[in-house]
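Subject: Structure for you to look at

Hello,

Here is the structure I said I would pass on. Please open it beside this email and follow along; my notes are below it.

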Amino acid sequence: MACISPDGKPTESGTKMLRAIKSGLGSAEEIASSAGLPLFRVRSGLRELTQAGLANLKDDKYELSSKGMELVSTLSG
Amino acid sequence: MEEVKEQLISLPRLGEPAPAFETVSTHGALKLEDFKGSWLILFSHPADFTPVCTTEFIAFAEIFPELQKRGVELLGLSVDSVSSHIAWVRNVEEKTGVRIPFPIIADLNKEVSLAYGMIHPGQSKTETVRCVFIIDPNQIIRTILYYPLTTGRNMAEILRIIDALQTTDKNAVATPANWQPGDMVVVPPPNTQEMAEERIKQGYECVDWYLCKKKL
């Protein structure tokens, strides 16, 4: 898992992606640009976040699930 | 062996869609489609912790910024595990100071290697040879290079091919032997006699009607 560590905490890149989604950026391209990550990493990461139940794809835009919102609220910084 | 023979018959070819894959890498799970919209260099190496491969990875890391400027992603592959790849790239960084910035596929089950014809039994039945697949943003294979186990790849040539392909796509021209960015390019040959006659009048530098060059 590149975005979520085995202990369930988001990695640095996972955190950047979660925060970008929370800020309202919904497409992979927007998230990549905001998070400063390569697009391929973001596409792969979004799959991972979705499979982990932290994000949902709705009308071609990603948004945080309630589980994702809860996780982001626990992140410092 | 039968599986390898079968694979040799269906090697990927230029101009055809790159075989899809879903695999694990040092940057997590990756699919070919994750790279859609970018140029991609998918390259294989025989094994981690081997001398020629180490020099190649350092060289790929050195041209990485130039590739990024050209919108190209790099993706390595060998049949080693993710743990082996991680240990190796950490060792390379520790010993040489060079950070490997691109993902490396851990193709333990050889699914990607076989789909791309990266295992050449005459060289090794278990390791991948030194392949380079240049895949365009539409995921079409545009260049295939094979190097033997004993010969490290030439990064300047890989960059030159990227420049040539991108120049061709942008300007609908071809590039002559030993072309370098800034050199004259080859104008596509005319299809009709009328075009051939017009060609001579168009101010190109022509050896004859079928070989004309121009500056971009």
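I start in chain B, where strand 8 and strand 10 (residues 211-214) pair in the antiparallel sense, with two bridges between them. One of the residue pairs to look for here is Val186(B), whose bridge partner in strand 10 of chain B is Lys213(B). Please keep in mind throughout that this is a predicted model.

Strand 10 of chain B also pairs with strand 9 of chain B, again in the antiparallel sense, this time over three bridges. Lys213(B) appears here too, as the bridge partner of Glu205(B). Strand 9 and strand 10 of chain B form a hairpin, and two residues lie between them.

Put together, these three strands of chain B make an open, antiparallel sheet in the order 8-10-9. Which strands stand at the edges? They are strand 8 (185-186) and strand 9 (205-208) of chain B; each has a single partner strand, so one side of each has no neighbour in the sheet. As background, strands of a sheet pair through backbone hydrogen bonds, in either a parallel or an antiparallel way.

On a wider view, the domain assignment splits chain B into domain 1 (2-153) and domain 2 (172-214). Taken over C-alpha atoms, the centres of domain 1 and domain 2 of chain B are 36 Å apart.

Next, chain A. Strand 1 (residues 55-58) and strand 2 (residues 61-64) of chain A pair in the antiparallel sense over four bridges. Within this pair, Asn56(A) stands opposite Glu63(A), which belongs to strand 2 of chain A. These two strands of chain A form a hairpin with two residues between the strands, and in it Asp59(A) takes a positive phi near 50°.

As for confidence, chain A has a mean pLDDT of 91, and 96% of its residues reach 70 or more. Among the elements of chain A, the highest mean pLDDT (95) belongs to helix 3 (residues 39-51) and the lowest (91) to helix 4 (residues 66-74).

Last, the place where the chains touch. How many residues of chain B are in contact with chain A? Nine residues of chain B are, and they meet nine residues of chain A. On the chain B side, strand 2 (residues 28-31) of chain B gives the largest share, three residues. Sorted by class, that side of chain B has three nonpolar, four polar and two charged residues.

Regards

Methods
Residues numbered from 1 in each chain as written. Chains lettered and ligands numbered in written order. Predicted model: local features only at pLDDT ≥ 70, side-chain atom pairs only at ≥ 80, totals over all residues. Contact = placed C-beta atoms within 7 Å. Nonpolar A, V, L, I, M, F, W, Y, C, P; charged D, E, K, R; others polar. Domains from an automatic or database assignment. Pairing = 2+ DSSP bridges. pLDDT = per-residue confidence, 0-100.
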